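Student: Could you take one part of this model and look at it closely, working outward from there to its surroundings? I would prefer one connected account to a list.

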Amino acid sequence: MGRAEARRAQKRGRRRAKAKKRGGIGRFFTFKKLLGAFFTLCLLGIVGFIGLYLFIDVPASANGQAAAQSNVYKYADGSVLARTGFNRESVPISDIPKDVQHTFVAAENKTFYKDSGIDLKGTTRGILNTLRGQGKQGGSTITQQFVKNYYLTQEQTVSRKLKEIVISLKVDQKLSKNEILAGYINTSYYGRGAYGIEAAAQAYYGVHTRDLTVEQGAYLASLLQAPSQYDWAVATDAGRKRVQDRWNYTLDNMVEMHWLDAGKRQGMKFPVPDDPKPSSGLKGQKGYLVKLADQELNKQGITDEQIAAGGWTITLGVEKKRQQALESAVKQELTSKLDPKARDVDADAQAGAVSVDPKTGHVVALYGGKGYLEHYVNNATRDDYQPASTFKPLILATALEKNSTTQDGTPITPNTIYDGTSRRPVKGSAIGFAPPNEDEEDYGPISVQTAMNNSVNSVFAQMGVDVGLEKVRQTAGQLGMDAEKMSARPAMTLGSMGASPMQMAGVYATLDNHGKKITPQLVTHAQRGEEDPVELPDPIGGQVLNRTTADTVTSVLTGVVKDGTGTAVRNTDYDIAGKTGTSDDNKSAWFVGYTPRLVTAVGLFGEDANPPHPQVTLKGAGGGGRVNGGGYPAEIWAAYTQNALGGERTARFDLDTDMGAGVAPPPSPTPTETEESESPSPSPSESSESPSPSASPSPSESDSESPSPSASPSPSESSDFPLPGDSGEDGTDKDNGNGRHPMFGG
């Protein structure tokens, strides 16, 4: 065999040995086959991705959590009063300072403004780590994180990641970069229960988004990597170091991207956030205000379900300083003086108050009770207690408006003379009625002005019948009271119906507004997201009383303050008109008063502290005797008004009338004129005769423990007997002066 053949034989042997060595499965994995398989997989992947791209659409709406926002209730000045529901308030990109926008891009995705919405390298790493069970991994772009937050869920699955990629590509084509960035910033979680940058700005720095600095924005952007670990208030030393490193990294990236001047960057200091604040919630008066605001929206067709969906910004007319002044006045003049441990009745005293700007009709302050979480019933709007003598001005207003006369034809004016004898039977009524005056005091012939000053029941009971009880009821309805619940019976003249401080504030605000209807309104603006604002009614209505009528009643009510049951509120700095009221069995006490700038109704209600919380007497609350409208309610009103008026204390009433205590008296007649004038003889309405014995039992103190059954009909007025001794009376006790002169017998 030649050398050539020997070499060929050796090569054949080596080939056979190699083939024999590869043997079995190895012969299937040739380089060509592997290369072919790789390209086949790539082709299948491309085809599969194209299929996914065609099959997966951008969701039509956000996921439930992304769409959820808190409802934000604001004071009149725009500051936050309370938040309810999900703690998020989305803001437009225009409200986020440009520098703050850049902190998020620098921290999370420097190529955001140039990329197509995905980071293939980072996403591939994320998918592989998910398959390995290594949990949440970084690498997503801002667009991907927005898609995950807004459209998808936080679950860690390959299918969710693939959806995220496809939707991100489509979203990047569909939305502008600013829209995507705003969505990302508004849907991210920042810790402290704050979703979105506005809630985060409030939670960490107590400012609105528009007021954030670059340093603060960089901290919030840094938080997104690990909110619970990077919250400065609870972070470990290691956590604090890491978030500072992240903060520096963010600012350095901004310098690199030419979004921040290097010199300015060197002077920046880490902005330590504020300590966490307790949730505002619905504690104290906030709950009453929030619930009342919701109820006003209900009246405009906004359902509870729509409100619960969140995203509402609701602005109230409540002024923060005035609200604080009202709360302070109640504490100073009432609750600080009550001691439920020493006196059980002190636990039964419930205050309610509403203050209204008569020029706008907006509620500027409200007191609903000791606290919404402790006493859910809003005392400012409850209408189950009698307004008592605060109703009397409505009788006079009706008389003036209708040009009414006494039964002998004498026009009813502030100067008309009536018989003020206690328990004088009312004439002209089909239902017998002979109400007592406070402390059974007999005034004899007195003017309507004096009767209003001293809240003389016998006079206004007769006047109501003279005017016509149905006409009085109609006037009450026109002024904002619930006329449907009123019964046109004589006891109505003593305010035996139910009414709320809100209603009475509206009635007196209408008087203050010269007869133009005021319907107190709490909400001044309500809007959900970018939707159209809710159309709210105008709290200023049409003319329901002639101006002269309203102004004359105001003039008369100034006399109550100057020389009557309301002297506790008298103040020479500004004009005041008002009326006191104390109801049947002393279950409620009121003062409703106004200046040219402010109208406030204060009610004090006796409510048993124990379930089922029936109405009870206030007598003895605070360690005194009878609780009158000229006591705690008037004192609360005076303390509040003094602070609430601020620099508006010099305003005077502009009255179009020549009657009542608010106008200068006519010149005194000369002696000759006096001699020639005849003494007025009492009209039939004045009844100069003494009441019959059956209608005039022996005098008894109006605050007696248990009036005789014959003198105590129910508030339904179904009885022909007079009301109890202290019904409808008001003012302070006689030993306190009550605006009278003790030396002359009170």
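Tutor: A residue is called buried here when its relative accessible area is under 20%, exposed when that area is over 50%, and partly exposed in between. The model is predicted, and every value below is computed from it.

The part I would choose is strand β13, and one of its residues, Phe605, makes a good entry point. Phe605 forms a stacked aromatic pair with Tyr385, with 4.8 Å centre to centre and 25° between the planes. The stacked label follows because planes under 30 degrees apart count as stacked. This pair links distant parts of the chain, since Tyr385 belongs to the loop between β5 (363–367) and α17 (392–401), whereas Phe605 belongs to β13 (residues 599–606), and 220 residues separate the two. Tyr385 has a relative accessible area of 1% and is therefore buried, and Phe605, at 0%, is buried as well.

The burial of Phe605 fits the setting of its strand: eight of the eight residues of β13 are buried, so the strand is largely enclosed by the rest of the structure. Both faces share in this, for Val599, Ala601, Gly603 and Phe605 point one way from the strand, Thr600, Val602, Leu604 and Gly606 point the other way, and all are buried.

Two strands pair with β13. Strand β4 (residues 349–356) is joined to it by eight bridges and runs antiparallel to it, with Val356 standing opposite Val599. Strand β12 (residues 588–594) is also antiparallel to β13, joined by seven bridges, and here Ser588 has Phe605 as its bridge partner. Phe605 thus takes part both in the stacked pair with Tyr385 and in the bridge to Ser588. β12 and β13 together form a hairpin, with four residues between them.

The loops that lead into and out of this region hold two backbone features worth checking in the model. Ahead of β12, in the loop between β11 and β12, lies Asn586, which has a positive phi of about 60° although it is not a glycine. Asn586 has a relative accessible area of 2%, which means that it is buried. Beyond the strand, the loop between β13 and α23 (632–644) contains Pro612, and the peptide bond from Pro611 to Pro612 is cis, with omega near 0°.

A second non-glycine residue with a positive phi of about 60° is His514, found in the loop between α21 and β8 (516–518). His514 counts as buried because its relative accessible area is 18%. By contrast, Thr567, in the loop between α22 (547–563) and β11 (577–582), is partly exposed because its relative accessibility is 22%. The C-alpha atom of Thr567 is separated by 9.8 Å from that of Asn453, although the two residues are 114 apart along the chain.

Turning to the nonpolar interior, in soluble globular proteins, nonpolar side chains tend to be buried together. In this model the largest nonpolar core has 77 residues, and those touching the most other members are Ile314, Leu316, Leu366, Phe391, Met463, Met481 and Leu557. Helix α21 (residues 501–512) supplies the largest share of this core, seven residues. Met463, when neighbours within four places in sequence are left aside, is in contact with Ile395, Leu396, Ile412, Tyr418 and Val448. A second, separate core has 47 residues, including Phe112, Tyr190, Trp247 and Met268.

Two members of that second core also have a charged group over their rings. The charged end of Lys177 sits over the ring of Phe112, 4.7 Å from its centre, and Arg265 lies over the face of Trp247, 5.6 Å from the ring centre. Trp247 further belongs to an aromatic cluster together with Tyr204, Tyr205, Tyr219, Trp232 and Phe270.

For the overall setting, the chain has 24 helices and 13 strands, and 51% of its 746 residues are buried. Among contacts in the chain with a separation of 6 or more, 71% are between residues 24 or more positions apart. The pair of Tyr385 and Phe605, with its 220 residues of separation, is one place where distant parts of the chain are linked.

Terms used:
Residues numbered from 1 in each chain as written. Predicted model: local features only at pLDDT ≥ 70, side-chain atom pairs only at ≥ 80, totals over all residues. Heavy atoms only, no water. Phe/Tyr/Trp six-rings, centres within 6.5 Å; stacked < 30°, edge-to-face > 60°. Buried < 20%, exposed > 50% of the residue type's maximum accessible area, 1.4 Å probe, protein only. Lys NZ or Arg CZ within 6 Å of the ring centre and 35° of its normal. Contact = heavy atoms within 4.5 Å. Pairing = 2+ DSSP bridges. Core = buried A, V, L, I, M, F, W, Y, C linked by side-chain atoms within 4.5 Å.
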